[in-house]
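The exercises below concern side-chain contacts and solvent exposure. Work through each task before reading its solution.

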Amino acid sequence: TTSIVMMEWHARVRSPTSLFNRATDALGFLISIADVVLIPVIVAWEFELEAALRCYFLMSAIYWTIRLPLGCSIGFYSNGELVTEEKRIRVHYLSTAFPWNLIMLFVDWASMVMAWNG
């Protein structure tokens, strides 16, 4: 069955266990942790944002902007079977990770606007 799945694998669909997806997920996790820590501290104590923090917020916002549409092209497992059908992938993504990614995208771009407008 693996060869059949691979033959049906659409060029735009990536494996959820690929090195690329694992790396981008790890990066997203690190960015999420940093956001959860940095944003409340900066807001609560009204820290001046140095160039390094502005650069971080810009890179974080760019990451989430790119990551949002990429989620629609990552296969997933359902009952032990790899799902590669694009419509099912989109429905699954919209009902699982998409809301979190959208929130992170909004928070990071809002942080960018506040950081650059002082």
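**Exercise 1.** Is E85 buried, partly exposed or exposed? Classify its salt-bridge partner as well.

Solution. The model is predicted.
- Step 1: E85 has a relative accessible area of 47%. Partly exposed covers the range between 20% and 50%, so E85 is partly exposed.
- Step 2: The partner of E85 is R88, with the closest N and O atoms 3.9 Å apart. The cut-off for a salt bridge is 4 Å.
- Step 3: R88 has 38% relative accessibility and therefore counts as partly exposed.
- Step 4: Elsewhere, salt bridges with shared partners join R12, E86 and R90 into one network.

**Exercise 2.** How many salt bridges does a search of the whole structure find? Describe the one between E86 and R12.

Solution.
- Step 1: The search gives four salt bridges.
- Step 2: In one of them, the side chains of E86 and R12 meet at 2.6 Å, N to O.
- Step 3: E86 belongs to helix α4 (residues 86–95), while R12 sits in the loop between α1 (2–8) and α2, so this pair ties together parts 74 residues apart in sequence.
- Step 4: R12 has a relative accessible area of 56% and is exposed.

**Exercise 3.** Which parts of the chain does the pair D25 and R67 link? Compare the exposure classes of the two residues.

Solution.
- Step 1: The closest N and O atoms of D25 and R67 are 2.7 Å apart, and the two residues form a salt bridge.
- Step 2: D25 is in helix α2 and R67 in helix α3 (residues 51–70); the pair links distant parts of the chain, 42 residues apart.
- Step 3: D25, with a relative accessible area of 40%, is partly exposed, whereas R67, with 10%, is buried.

**Exercise 4.** What is the geometry of the aromatic pair Y63 and W64? Treat Y93 and F98 in the same way.

Solution.
- Step 1: The count comes to three aromatic pairs.
- Step 2: For Y63 and W64, the centres are 4.9 Å apart and the planes at 85°, an edge-to-face pair.
- Step 3: For Y93 and F98, the centres are 5.6 Å apart and the planes at 75°, so this pair is edge-to-face.
- Step 4: Y63 is buried at 11% relative accessibility, and W64 is buried at 2%. Y93 is buried with 5%, but F98 is partly exposed with 23%.

**Exercise 5.** Which residues form the nonpolar patch on the surface?

Solution.
- Step 1: The patch consists of F29, L30, I33, V36 and V37, which together have about 500 Å² of accessible area.
- Step 2: L30 lies in helix α2 (residues 19–45) and, at 55% relative accessibility, counts as exposed.

Methods. Residues are numbered from 1 along each chain as its sequence is written. This is a predicted model: local features need pLDDT of at least 70, side-chain atom pairs count only at pLDDT 80 or more; totals for chains, interfaces and linings use all residues. Side-chain values use heavy atoms; hydrogens and water are left out. Patches are made of residues with over 30% relative accessible area and no salt bridge: like charges are joined within 9 Å, nonpolar side chains (Val, Leu, Ile, Met, Phe, Trp, Tyr) within 5 Å. Accessible areas come from the Shrake-Rupley method with a 1.4 Å probe; for residues, only the protein chains shown count as cover. Helices (H or I, at least four residues) and strands (E, at least two) are DSSP runs, numbered from the N terminus. Buried means under 20% relative accessible area, exposed over 50%, partly exposed in between (1.4 Å probe, protein chains only). Rings of Phe, Tyr and Trp (its six-membered ring) pair if their centres lie within 6.5 Å; planes under 30 degrees apart count as stacked, over 60 as edge-to-face and the rest as tilted.
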